[in-house]
Amino acid sequence: GTDGRVNIWKSGDKGEKRSDFHVGRGGRWEGQVPPLPSDLAEVKSHDGDGFLPKPTAKELAEFEKLLDQVKISEGALKTDGFGENPFYHCLVAEIPPESREPQGSTVVGYGLYYFTYSTWTGRNVYLEDIYVMPKYRGQGIGSKIIKKVAEVALEKGCSQFRLAVLDWNESAMDFYKARGAKDLTVAEGWRFFRFDNEAMRELVRM
Amino acid sequence: MAAPFNSHEGLVPEIREETEERIRATQTTQTEKATLCRQTMTATTFRVRPAQPQDCPEILRLIKVSCPRTGGWGMGKQVPGGGQKVVEAPQELAAYGNSPDAVKLTLLDLLKDGFGDHPFYYCLIAEVPDDAELTGTLTVGFAMYYFTYDPWIGKLLYLEDFYVMEPFRGLGIGSEILKKLSQIAITNRCSCMNFLVVIWNQTSTEYYTRRGALDLTTREGWHLFRFERKELLKMANED
């Protein structure tokens with residue numbers, strides 16, 4: 001645990017070189033993604049926690065299939081987030097060094113977002129990924145991350161803050177609805193579509 | 001804001017003259033012009049190219065024209081009543097964004113956000129020769145896109161809006177736009193192209209699924225959530 005002190009700051013701030021840049025979807029903070037099944041096992045015993053779902057066996061099996069889909073390298077994450085033209089921005093939640101576990105990291109959560117654009121209202125913020133390590137949940141870290149992203153959105157003149165949630169992740173849906181977010185898929189029929197790599201190559205061939 | 005546009009400073013005073021009223025006034029003219037142009041077209045030549053700052057007035061015109069109330073066939077913003085083959089939608093949706101007044105974006109926003117220091121969007125323009133004016137062209141369609149990011153697979157291309165004026169559909173302009181977008185995605189090492197479609201818009205849904213698009217909401221259960229400004233202020237100001 002921590003003594004409640006958590007700093008949320010923007011990766012790359014403070015002028016230090018973030019050579020130990022850690023972004024991932026799981027508890028391995030050496031830059032590897034995604035979470036190991038053991039993390040999910042921890043989640044199961046933490047009922048009512050904010051972000052990770054309580055996966056069924058089917059979901060776990062599908063999740064493990066997703067491991068094959070993690071294609072990105074740490075190098076790519078660095079260039080894409082910290083190059084001349086960043087494709088994403090990241091907030092990290094950090095605990096004081098004295099509070100961390102032995103061999104553990106001070107970074108215990110993150111929020112990854114980017115700016116999008118609406119032909120009706122202009123600039124928006126899109127929260128792509130948010131994660132808090134299982135042991136640090138229930139302390140308001142997730143809320144702090146969301147709050148910080150809301151601040152960034154307002155600061156940058158954004159009219160909306162959008163995100164996607166999986167329909168079986170009820171606790172996440174409740175979390176966002178409790179803060180006033182609207183489920184546009186239900187309310188207005190919006191659906192996510194995608195042309196994957198193969199489909200795009202077909203379009204080029206046409 | 002001083003000199004926000006590096007190479008386009010000279011353009012700003014000219015663009016300022018294009019007031020919102022003028023753009024509204026040109027909408028009808030351009031729509032009539034487009035219909036006439038289509039009727040007199042001898043060859044169906046068209047070109048799809050990246051937008052320049054000078055295209056912003058036309059982009060704004062097309063954004064407003066593509067609003068459902070005017071019979072537009074835009075992307076995820078399509079609502080019933082646009083004369084398309086759509087399924088009945090909830091009553092509340094009929095009022096949503098059904099008017100060009102829902103477009104809050106101004107010409108200056110488009111210029112600053114598309115052609116300033118940090119582009120928030122990119123545009124492709126579809127144009128045809130304007131036979132009435134020997135050296136002129138008529139802008140008849142556009143696509144607005146930007147790059148997004150998935151931490152597992154990296155960059156993605158996101159298609160925000162995609163519209164072709166009614167008289168110019170069925171000529172392959174849409175396909176050419178999608179082809180160019182795919183080329184841009186592949187060149188920029190994007191794994192895929194994402195976009196939103198309103199499920200009640202059968203025409204749009206079929207257009208995309210016919211071309212190989214997958215409905216991730218159905219397949220994987222993704223729902224789109226939105227916080228508006230009111231909620232942002234509340235969250236930012238709470239303890």
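**Notes on the A/B contact and the chain B sheet**

1. Let me start with the contact between the chains: chain B contributes 81 residues and chain A contributes 73 residues. Please keep in mind that this is a predicted model.

2. On the area, a common yardstick helps: the size of an interface is often given as the accessible area lost when the parts come together. Here, chain A and chain B bury about 7700 Å² between them, and 65% of that area lies on carbon and sulfur atoms. If you want residues to look at, try B:Tyr149, B:Trp152 and B:Phe225: they supply 14% of the area that chain B buries against chain A, more than any other three residues.

3. One helix pair across the chains is worth a look. Helix H4 of chain A (residues 141–155) and helix H9 of chain B (residues 229–237) have axes that come within 8 Å and cross at roughly 125°. H4(A) and H9(B) are therefore oblique to each other, and their crossing is left-handed.

4. Who meets whom in that pair? On the H4(A) side you will find A:Ile146, A:Lys147, A:Ala150, A:Glu151, A:Ala153 and A:Leu154. Facing them from H9(B) are B:Arg229, B:Leu232, B:Leu233, B:Met235, B:Ala236 and B:Asn237. Sorted by class, the residues of this contact are 8 nonpolar, 1 polar and 3 charged.

5. Next, the sheet, which also draws on both chains: it is open, has 7 strands with mixed pairing, and runs in the order S1(B)-S2(B)-S3(B)-S4(B)-S5(B)-S7(A)-S6(B). Its edge strands are S1 (47–50) and S6 (214–215) of chain B, each pairing on one side only.

6. At the S1(B) edge, the partner is strand S2 of chain B (residues 122–129), and the two pair in the antiparallel sense over 4 bridges. For a concrete example, B:Pro50 has B:Leu124 in S2(B) as its bridge partner. Helix H3 of chain B (residues 56–65) packs on the sheet, where it touches S2, S3 (137–150) and S4 (154–164) of chain B. The direction of H3(B) makes about 85° with that of S3(B).

7. Finally, H3(B) also has a helix partner within its own chain. Its axis and that of helix H5 of chain B (residues 107–115) come within 9 Å and cross at roughly 115°, in a right-handed crossing. The contact is made by B:Cys56, B:Pro57, B:Ile59, B:Leu60 and B:Ile63 from H3(B), together with B:Leu107, B:Leu110, B:Leu111 and B:Phe115 from H5(B). By class, that gives 9 nonpolar residues, with no polar and no charged ones.

Notes: Residues numbered from 1 in each chain as written. Chains lettered and ligands numbered in written order. Predicted model: local features only at pLDDT ≥ 70, side-chain atom pairs only at ≥ 80, totals over all residues. Heavy atoms only, no water. Axes fitted to C-alpha atoms, helices over the stretch in contact; angles between N-to-C directions. Parallel < 35°, antiparallel > 145°, perpendicular 65-115°, else oblique. Left-handed = near helix turned anticlockwise from the far one by under 90°. Contact = heavy atoms within 4.5 Å. Nonpolar A, V, L, I, M, F, W, Y, C, P; charged D, E, K, R; others polar. Pairing = 2+ DSSP bridges. Buried area = accessible area lost by both parts, 1.4 Å probe.
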